[in-house]
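Please read the points below alongside the sequence and the coordinates. They are written as a colleague's note, with charges treated before strands.

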Amino acid sequence: MRLSTVVLDAPDARQLADFYQRLLGFVVREEEPDWVLIGPPGGGVGLAFQTEPAYVPPLWPDRVPGEQQMMLHLDIEVDDLGAETARAVAEGATLAEYQPQDDVRVLFDPAGHPFCLWMPDGQ
């Protein structure tokens, strides 16, 4: 057994796939009308996006009973936290108001999924 893909629901699969393609430099591996699979050009675990008309963005960091909670997030390693945060925002991400750590930046993709940019220790 091996993990091949992480799938994220979104109101528009193509729009969210385009965002992550630009952010990560991934390529389209497969595409259907309401589903897109992208991944690193040389192979590896991919990200897929499926259109879900009833999609509700998660709340983070708030926890409101009965509201959609964050169930997962992507951690993306970067070499320059400031520059890559600015690039992610320029591509369509939103910087979260609450930042729990100095060496991590929490952002939201265009569909509202939280993701983190982080740098390894010592950089």
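The numbered points that follow concern a predicted model, and they take up its salt bridges, a charged surface patch and the pairing of its strands.

1. Salt bridges in helix 1. A search of the whole structure finds 4 salt bridges, and the side chains of Arg 14 and Asp 18 meet in one of them, with a distance of 2.5 Å from N to O. Both residues belong to helix 1, which covers residues 13-24, and they sit 4 residues apart, about one turn of the helix. Arg 14 counts as partly exposed because its relative accessible area is 25%, and Asp 18 falls in the partly exposed class as well, with a relative accessible area of 27%.

2. The link from helix 1 to strand 2. Arg 14 also meets the side chain of Glu 31 in a salt bridge, at 2.6 Å from N to O. Since Arg 14 lies in helix 1 and Glu 31 in strand 2, the pair ties together parts that are 17 residues apart in sequence. Glu 31 has a relative accessibility of 45%, so this residue counts as partly exposed.

3. A salt bridge in helix 2, and the network. Glu 84 forms a salt bridge with Arg 87, where the closest N and O atoms are 2.8 Å apart; both residues lie in helix 2 (residues 81-91), 3 residues apart, which is about one turn of the helix. The relative accessible area is 25% for Glu 84, so Glu 84 is partly exposed, and 32% for Arg 87, which is therefore partly exposed too. Returning to helix 1 and strand 2, salt bridges that share partners join Arg 14, Asp 18 and Glu 31 into one network.

4. The negative patch. Which residues gather in a patch of negative charge on the surface? They are Asp 12, Glu 30, Glu 32 and Asp 34. Of these, Glu 32 lies in strand 2, which spans residues 27-32, and Glu 32 counts as partly exposed because its relative accessibility is 48%. Members of such a patch must have over 30% relative accessible area and no salt bridge, a cut-off to keep in mind when Glu 31, which meets Arg 14 in a salt bridge, is compared with the patch residues.

5. Strands 2 and 3. Strand 2 and strand 3 pair in the antiparallel sense over 5 bridges, and a hairpin joins the two through 2 residues. Glu 30, one of the patch residues, stands opposite Leu 37 in strand 3. Strand 3, made of residues 35-39, is mostly covered, with 4 of its 5 residues buried.

6. Strands 3 and 4. On to the next pairing: strand 3 and strand 4 (residues 46-51) pair in the antiparallel sense over 4 bridges, and Ile 38 stands opposite Leu 47 in strand 4. The hairpin of these strands has 6 residues between them, and there Gly 43 takes a positive phi near 100 degrees. Gly 43 has a relative accessibility of 38%, so this glycine counts as partly exposed. The C-alpha atoms of Gly 43 and Val 27 are separated by 9.8 Å, with the two residues 16 residues apart along the chain.

7. The open sheet. Where the chain continues, 4 strands form an open sheet in the order 5-8-7-6, with mixed pairing; its edge strands are strand 5 (74-77) and strand 6 (94-95), each of which pairs on one side only. Strand 5 and strand 8 run parallel and are joined by 4 bridges, with Leu 74 opposite Phe 115 in strand 8. At the other edge, strand 6 and strand 7 (residues 104-108) pair in the antiparallel sense over 2 bridges, and Thr 94 stands opposite Phe 108 in strand 7.

8. Strands 7 and 8. Strand 7 and strand 8 pair in the antiparallel sense over 5 bridges, and the bridge partner of Phe 108 in strand 8 is Pro 114. Their hairpin has 5 residues between the strands, among them Gly 112, which takes a positive phi near 95 degrees. Strand 8 (residues 114-118) is mostly covered, since 4 of its 5 residues are buried, where buried means under 20% relative accessible area.

Conventions. Residues numbered from 1 in each chain as written. Predicted model: local features only at pLDDT ≥ 70, side-chain atom pairs only at ≥ 80, totals over all residues. Heavy atoms only, no water. Patch = residues over 30% accessible without salt bridge, like charges linked within 9 Å, V, L, I, M, F, W, Y side chains within 5 Å. Areas by Shrake-Rupley, 256 points an atom, 1.4 Å probe, with all protein chains shown as cover. Lys, Arg positive; Asp, Glu negative; His and termini not counted. Charge placed at Lys NZ, Arg CZ, Asp CG, Glu CD. Buried < 20%, exposed > 50% of the residue type's maximum accessible area, 1.4 Å probe, protein only. Pairing = 2+ DSSP bridges.
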